[in-house]
Number of protein chains: 2
Amino acid sequence: MSTTLTEENYLKAIYHISQQSKSEVSTNAIAERIDAKASSVTDMLKKLADKSLITYVKYKGVTLTETGRLTAVDIIRKHRLWEVFLVEKLNFSWDEVHDVAEQLEHIKSPKLIAEIDAFLGFPTQDPHGDPIPDKFGNIQQTNKIILSKADVGQVYTCVGVLDSSSEFLKYLDKHQIGIGTELKVVDKEEFDQSLTIEIASNSLVMSKAITTNIYVKKI
Amino acid sequence: MSTTLTEENYLKAIYHISQQSKSEVSTNAIAERIDAKASSVTDMLKKLADKSLITYVKYKGVTLTETGRLTAVDIIRKHRLWEVFLVEKLNFSWDEVHDVAEQLEHIKSPKLIAEIDAFLGFPTQDPHGDPIPDKFGNIQQTNKIILSKADVGQVYTCVGVLDSSSEFLKYLDKHQIGIGTELKVVDKEEFDQSLTIEIASNSLVMSKAITTNIYVKKI
DNA sequence: CTAAATTTTTAGGCTAATCTAAAATTATAT
DNA sequence: ATATAATTTTAGATTAGCCTAAAAATTTAG
Ligand SMILES: [Mn+2]
Ligand SMILES: [Mn+2]
Ligand SMILES: [Mn+2]
Ligand SMILES: [Mn+2]
């Protein structure tokens with residue numbers, strides 16, 4: 001059975017929320033993410049349940065069925081492959097790709113995405129460091145940690161971002177931080193949780209709002 | 001003002017029909033092309049007229065306004081650039097590209113299409129020999145003729161097709177005919193208008209149904 | 001353990017895009 | 001010139017996706 005663009009966006013939202021919370025996904029959480037009213041979400045949840053893409057129990061929240069999960073992951077795969085394409089082949093910067101990928105991810109053509117994948121040399125990560133699911137829906141997870149929980153005195157590599165908004169990515173660009181950049185945590189201010197970071201011999205103070213949006217890995 | 005996918009498809013249909021007939025475009029002609037009922041077309045025509053994309057007089061048919069024409073040509077530009085991309089970069093054959101391009105042509109991102117254009121080296125023709133409008137909406141027309149009107153004894157180059165359906169293109173593939181192929185019109189059977197064609201020293205009889213769908217140019 | 005707050009669902013309505021059936025208009029053929 | 005045929009438009013429904021307001025269910029606080 002085929003899915004509409006709107007249904008696909010709901011499945012993706014449910015998938016992403018479930019990645020964070022691990023439990024049933026609530027109507028309100030979906031409404032917030034989709035930017036729709038809870039009543040609209042309820043309507044759609046009934047439809048998705050009818051299509052066996054989610055299991056839905058009134059007042060109790062939803063979980064993706066295996067079919068629903070595979071559908072969501074396939075959309076995410078397409079989104080991330082398109083983002084790589086835009087950056088690698090079309091001179092887009094990492095803060096420009098998301099909105100276009102939101103449109104491109106809904107293009108229906110298995111051959112297209114298989115060829116794009118090959119054309120890009122089967123990339124495993126998107127421009128924001130997020131893993132690209134393989135065509136079977138398997139996702140390779142790396143053992144990254146959030147910068148705010150890093151140890152003082154330790155050196156890390158930036159491996160991803162939590163917030164992929166243009167505004168945040170431009171902040172990182174300004175301070176020459178990207179995927180692969182080495183960061184040394186020099187000091188932590190306990191009062192506001194801000195970190196002093198050393199990047200290529202330059203010192204930079206990052207507020208908690210910043211450090212909770214950067215993924216790093218011990219070198 | 002932004003256009004919906006459906007509105008864009010109507011504008012494209014009106015544009016293509018007006019290319020053939022040169023006069024006002026009728027409701028029924030649009031209905032047939034869009035594969036919708038005439039009443040649905042009437043509804044949409046009112047909407048497009050409200051948006052000043054067409055001039056519409058009840059019972060008299062429609063014409064595109066300058067804005068409408070530019071919108072239609074921009075969609076066609078995107079369609080044809082995507083077709084080139086699919087063939088040149090992603091190993092699609094010319095009979096596989098149309099349906100995917102029908103989806104891709106509606107992606108809204110000026111940067112994306114500008115970059116694709118540059119990435120492809122600013123092509124002027126799509127895989128079916130159709131001209132690619134430039135970013136200002138100008139279309140370079142070539143002086144092609146339809147093969148059925150060609151002269152016996154004359155040699156031609158295939159420069160395009162009228163029917164881009166997968167079925168017709170596969171027929172051409174089977175007989176090793178493509179854009180650039182040399183064809184010599186050896187004979188014409190007056191009874192059924194069929195032509196005997198010589199291609200690379202092989203002889204082939206083409207019915208009128210075939211010859212009215214191939215564009216050629218005198219060598 | 002109840003009362004208040006919060007969350008979720010239901011009820012009813014709206015718009016875009018489609019449809020069928022019937023009415024209105026225009027074209028065609030004696 | 002008029003009757004018939006064809007085309008086009010109107011009228012009234014339907015479906016997807018969204019909304020607001022109110023009701024119902026669940027959670028939280030005292
Ligand atoms: Mn993205
Ligand atoms: Mn991304
Ligand atoms: Mn095409
Ligand atoms: Mn084409």
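Which strands and which helix of chain B do the buried residues of helix 7 pack against? In this predicted model, the partners are strand 4 (155-161), strand 7 (202-206), helix 8 (208-211) and strand 8 (214-218) of chain B. Helix 7 itself covers residues 166-174 of chain B. Its buried residues are B:Phe168, B:Leu169, B:Tyr171 and B:Leu172. Seen down the helix axis, these buried residues fall within an arc of 150°, so they line one face of helix 7 of chain B. The other side of helix 7 carries exposed residues, namely B:Glu167, B:Lys170 and B:Lys174.

The stretch that follows helix 7 of chain B was examined next. B:Gln176 sits just after the helix and takes a positive phi of about 55°. Further on, B:Thr181 is found in the loop between helix 7 and strand 5 (182-188) of chain B. B:Thr181 has a relative accessible area of 15%. The cut-off for a buried residue is under 20%, so B:Thr181 counts as buried. The side chain of B:Thr181 has a polar atom 2.7 Å from the backbone nitrogen of B:Gly178. Neighbours within four places in sequence can be set aside. B:Thr181 is then in contact with B:Tyr156, B:Thr157, B:Cys158, B:Gln176 and B:Ile199. B:Gln176, the residue with the positive phi, is thus named among the contacts of B:Thr181.

Chain A also offers a buried residue to follow. A:Gly68 lies in helix 4 of chain A. Its relative accessibility is 0%, and A:Gly68 therefore counts as buried. Beyond its neighbours within four places in sequence, A:Gly68 is in contact with A:Leu11 and A:Leu53. A:Tyr15 is 53 residues away from A:Gly68 along the chain. Even so, the C-alpha atoms of A:Gly68 and A:Tyr15 are separated by 8.8 Å.

The two chains meet at an interface. Here 20 residues of chain A are in contact with 20 residues of chain B. The size of an interface is often given as the accessible area lost when the parts come together. Chain A and chain B bury about 1600 Å² between them. Carbon and sulfur atoms account for 73% of that area. On chain A, the residues A:Leu90, A:Gln103 and A:Lys111 supply 28% of the area buried against chain B. No other three residues supply more of the area that chain A buries there.

Polar links across this interface were also counted. Between chain A and chain B there are four residue pairs in polar contact, with both residues at pLDDT 80 or more. Zero salt bridges are found across the interface. Three helices of chain A each supply at least two residues of the side that touches chain B. They are helix 4 (66-89), helix 5 (97-104) and helix 6 (110-119). Helix 6 of chain A gives the most, with five residues. By class, the side of chain A that touches chain B has eleven nonpolar, four polar and five charged residues.

Side chains of opposite charge can pair when their charged atoms come close. Over all chains, the count comes to 21 salt bridges. One of them joins A:Glu115 to A:Lys111, with the closest N and O atoms 3.3 Å apart. Both residues lie in helix 6 of chain A, four residues apart, about one turn of the helix. A:Glu115 has 16% relative accessibility and counts as buried. A:Lys111 is partly exposed, at 28%.

Chain B has a salt bridge between B:Lys111 and B:Glu115, with closest N and O atoms 3.3 Å apart. These two residues are four residues apart in helix 6 (residues 110-119) of chain B, so about one helical turn separates them. B:Lys111 is partly exposed, with a relative accessible area of 29%. B:Glu115 is buried, at 18% relative accessibility.

Helix 4 (residues 66-89) of chain B contains B:Glu66 and B:Arg69. They form a salt bridge with closest N and O atoms 3.4 Å apart. B:Glu66 and B:Arg69 are three residues apart, so the separation is about one helical turn. B:Arg69 counts as partly exposed, at 26% relative accessibility. In chain A, a network of salt bridges links A:Glu7, A:Lys47 and A:Lys51.

Definitions and conventions: Residues are numbered from 1 along each chain as its sequence is written. Chains are lettered from A and ligands numbered from 1 in the order in which they are written. This is a predicted model: local features need pLDDT of at least 70, side-chain atom pairs count only at pLDDT 80 or more; totals for chains, interfaces and linings use all residues. Side-chain values use heavy atoms; hydrogens and water are left out. Contact means heavy atoms within 4.5 Å. Buried area is the accessible area (1.4 Å probe) that two parts lose on being put together, summed over both. A salt bridge is a side-chain nitrogen of Lys or Arg within 4 Å of a carboxyl oxygen of Asp or Glu. A polar contact is a pair of N or O atoms within 3.5 Å; within protein, one must be able to donate a hydrogen and the other to accept it, and residues adjacent in sequence count only if both atoms are side-chain atoms. Ala, Val, Leu, Ile, Met, Phe, Trp, Tyr, Cys and Pro count as nonpolar, Asp, Glu, Lys and Arg as charged, and the others, Gly among them, as polar. Buried means under 20% relative accessible area, exposed over 50%, partly exposed in between (1.4 Å probe, protein chains only). The arc is that of the directions from the helix axis to the C-beta atoms.
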